[in-house]
Amino acid sequence: MGAERERTRAFGKLEDGLRQADDWYLWGPYVSERQWGTVREDYTADGEAWVHLPHDHARSRAYRWGEDGLAGFCDVEQRLCLGLALWNGRDPILKERAFGLTGAEANHGEDVKEYWWYLDAVPSHTWNRWRYHYPQAAFPYEDLRRENGRRGKLDPEYELLDTGAFDSDRYWIVEVHYAKADPGDVLMSVQVTNAGPDPDTLHVLPTAWFRNTWSWDVDSPRPGLESTGADSVAVHHPFLGELELLVAPGPDGASPAALFCENEINSERLYGAPPTTPHYPKHGINDHVVSGTPTVNPDRRGTKCAFWHQVTVPAGATVELRLRLRPVGSRVEPAMALGPDFDEVLARRRAEADEFYAELTPATASSDEALVMRQAFAGMLWSKQLYYYDVARWLDGDPGQPLPPESRMDGRNAGWRGFDAFDIMSMPDKWEYP
């Protein structure tokens, strides 16, 4: 029996496999693709979730109930997240999450305006592939808002492709491959292809951050990330234990810059209130990369960090960047862990995935039909996420935080005090239904 089949059957026998620290299911794509603008994050009197936390606020707000990101991967309780940030050098912000229109902004209701694909996955998430297409020109945020807002219900939607953002094939193909060497050892390979006709530069920032669990409870322990060298970051967490992030040099042989800030709200930017984190709030990395502001911690520590690669890629060429998250004290030396051992793990997990799907594929299926089936399963597997929502806590508010408005007590979800969800759920659409 294949290795992936054995892992899948073993999981089926567990009463509560997702809570076992040594389980192959401990890490997976359990990060939502949209937390901003959702009901759980809405603390308004009128229940207007989209207005309370729009896309423009997302980079500056510490979420209460979950996290979002591109190619997100996390532990089963979403304590620590991995993801990807990109910058084409022309956008006003880093591309850290999918952009979409609210129900009021779009002529056919809320709609994401991005292009990404779930290419492959297996049930244990020892092998996963994800792809995103990112324009080399400035992303047309305002054009999409303006034109969709102008159109009526009988008009077609105005999509990203309609804006001309992909004209002349001037875009980036970004693939993220995740693999596991063992249940707690996660490999992240980022492959960047220049689909355009000319050389261009892309800023690629593999990112790690803690879900903010310390702001909502008194005396809740605060985890931390800190640099331990040019190519490594120590991860301290009271439940996950001591981990390390290793990063390989870029294609030019240079180590990326490690940037640190806090996964904390920027109350000054959003509300004009005194800052809770004076210098290094959640969007500190964004502001530093895009505008050169001193908003990352020079002491190289925080609760959010990113490795800043700047890669210039010839037309049609591909470069690879590597990151590895693993327990401290792992037997494989860092140079091997990001080199030959990294290659061997990726090749082995991909071969196991091929074997697993070969067993599932009907003998009469054509190669195209087999590929469609495999990618359909990948979409289902990538659509798992942590869904956390304690309605009683949401209604009453958190200790040390402002009290929710009185209207909440007889408004949305007021009759659902017994609802308390904290589990991995399969969602039909991780952007629209988080």
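**Entry 1: second largest cavity**

I began with the second largest cavity and sorted its lining by class: three residues are nonpolar, two are polar and three are charged. I note here that the model is a predicted one. I then looked up the names. His55, Ala58, Arg59 and Ile93 are part of the lining of the second largest cavity, and Leu94, Glu96, Arg97 and Asn286 complete the list. For the volume of the second largest cavity I wrote down about 70 Å³.

**Entry 2: largest cavity**

How many cavities of 30 Å³ or more does the structure hold? I found four. The largest cavity came out at about 130 Å³. Its lining is made up of 15 residues. I listed those nearest its centre: Asp68, Glu96, Arg97, Trp209 and Lys304. Glu96 and Arg97 caught my eye, as I had already noted both in the lining of the second largest cavity.

Which strand gives the largest share of the lining of the largest cavity? I traced that share to β3, with three residues. Strand β10, residues 200-210, is also on my list, since β3 and β10 each supply at least two lining residues. By class, I sorted the lining of the largest cavity into six charged, five nonpolar and four polar residues.

**Entry 3: largest pocket**

I turned from closed space to open space. The largest pocket holds about 520 Å³. I found 22 residues in its lining, and the closest to the centre are Tyr43, Trp216, Ile265, Gln401 and Pro402. I split the lining of this pocket by class as well: eleven nonpolar, six polar and five charged.

**Entry 4: the nine-stranded sheet**

I followed the strands across one open sheet of nine. My order reads β6-β7-β8-β9-β17-β13-β12-β11-β15, and the pairing is antiparallel. Which strands are at the edges? They are β6 and β15, and each of these pairs on one side only. I placed β15 at residues 301-302.

**Entry 5: strand β13 and its neighbours**

I picked β13 for a closer look. It covers residues 241-247. Is this strand mostly covered or mostly open? I found it mostly covered, with five of its seven residues buried.

I checked the pairing with β12 next. Strand β12 spans residues 232-237, and six bridges join it to β13 in the antiparallel sense. The two strands form a hairpin, and I counted three residues between them. As one bridge, I noted Val235 with its partner Leu243 in β13.

Then I checked the pairing with β17, residues 318-327. This pair is antiparallel too, and five bridges join β13 to β17. Two partner pairs went into my notes. Glu244 stands opposite Arg326 in β17. Leu245 has Leu325 as its bridge partner in β17.

**Entry 6: Asn194**

I looked up Asn194 in strand β9, residues 185-194. Is Asn194 buried or exposed? I read a relative accessible area of 0%, so Asn194 is buried. A polar atom of the Asn194 side chain lies 2.8 Å from the backbone oxygen of Asp198.

I then listed what Asn194 touches, leaving out residues up to four places away in sequence. Gln136, Tyr171 and Trp172 are among the contacts. Pro199 and Asp200 are also on the list. Val313, Pro314, Ala315, Gly316 and Ala317 touch Asn194 as well.

**Entry 7: positive phi in two loops**

I checked two residues other than glycine that have a positive phi. Gln78 has phi near 50°. I located Gln78 in the loop between β2, residues 70-75, and β3, residues 80-87. Its relative accessible area is 1%, so I marked Gln78 as buried. I had met β3 before, in the lining of the largest cavity.

For His125, phi is near 60°. I found His125 in the loop between β6, residues 116-121, and β7, residues 127-135. Both strands are in my nine-stranded sheet, where β6 is an edge strand and β7 follows it in the order. Is His125 buried or exposed? I put His125 down as buried because its relative accessibility is 0%.

Notes: Residues numbered from 1 in each chain as written. Predicted model: local features only at pLDDT ≥ 70, side-chain atom pairs only at ≥ 80, totals over all residues. Heavy atoms only, no water. Buried < 20%, exposed > 50% of the residue type's maximum accessible area, 1.4 Å probe, protein only. Helix = DSSP H or I, 4+ residues; strand = E, 2+ residues; numbered from the N terminus. Pairing = 2+ DSSP bridges. 1 Å grid on protein atoms, 1.4 Å probe; cavity = no way out; pocket = protein on both sides within 12 Å on 5 of 7 lines; lining within 4 Å. Points joined across faces, edges and corners; volume = space filled by probe spheres on them. Nonpolar A, V, L, I, M, F, W, Y, C, P; charged D, E, K, R; others polar. Polar contact = N/O pair within 3.5 Å; in protein donor to acceptor, adjacent residues only side chain to side chain. Contact = heavy atoms within 4.5 Å.
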